[in-house]
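Subject: Structure for your files

Hello,

The structure is placed below for you to look through. My notes on it follow.

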Amino acid sequence: MAVNYDDPRFQQVNNEKQTALNEVNSTYNNMINSTDKLYQDQINATNQYAEQQKELQQQQTDFALEKIEQNKEWAEQDYLKEQKGAYVDYERAMNPYGGNAEAMASRGLTGSGYAQNVEATMFSAYQNRVAVARDSFNRAVIEYDNQ
């Protein structure tokens, strides 16, 4: 039996077939588009989250750097205080009108080798305090720089 392609019933079946195929294709295209939109939304949300995390990390890093710089400034202030304190103590000990000078004068040691030795010892103690304070400051700065 031969198929009559001109038969209106065949044309109707063929049209229904084409309509069904169009509906199926439309449904699949809608599903694909909605899936693509969902994936794109997920990608955008992930990128936004990554940006927020980068900003938070940068804020934490900036805060840590501020704290380190603050600690370095405090270490320098402590060093300067110790240096000034050492100088003040040295000046008090070397004061020609202070208690040490009077005690030496009452013993008759003013201008003696012993007096000069005491002066050298005091100066050495002053220099030692300054050097220790400077070394401590330098170590603190190096440690803060390493952080």
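Leaving aside its neighbours within four places in sequence, which residues is Phe-137 in contact with (heavy atoms within 4.5 Å)? They are Lys-72, Ala-75, Glu-76 and Tyr-79.

This is a predicted model, in which local features need pLDDT of at least 70 and side-chain atom pairs pLDDT 80 or more, while totals for chains, interfaces and linings use all residues. Residues are numbered from 1 along each chain as its sequence is written, and side-chain values use heavy atoms, without hydrogens and water.

The largest nonpolar core (buried Ala, Val, Leu, Ile, Met, Phe, Trp, Tyr and Cys joined through side-chain atoms within 4.5 Å; buried is under 20% relative accessible area, exposed over 50%, partly exposed in between, 1.4 Å probe, protein chains only) has 14 residues, with Tyr-79 and Phe-137 among those with the most contacts inside it. Helices H1 (8-94) and H3 (113-146) each supply at least two of its residues (helices are DSSP runs of H or I, at least four residues, numbered from the N terminus). H3 gives the largest share, eight residues.

H1 and H3 pack at about 180°, axes 9 Å apart (lines fitted to C-alpha atoms over the stretch in contact, angles from 0 to 180 degrees between N-to-C directions). H1 is therefore roughly antiparallel to H3 (over 145 degrees).

There are nine salt bridges in the whole structure (side-chain nitrogen of Lys or Arg within 4 Å of a carboxyl oxygen of Asp or Glu). One joins Arg-129 and Asp-89 at 2.5 Å, N to O, linking H3 to H1 across 40 residues. Arg-92 also pairs with Asp-89, at 3.8 Å. Glu-82, Asp-89, Arg-92 and Arg-129 are linked in a network.

Regards

Notes: Contact means heavy atoms within 4.5 Å. Angles under 35 degrees count as roughly parallel, over 145 as roughly antiparallel, 65 to 115 as roughly perpendicular and the rest as oblique.
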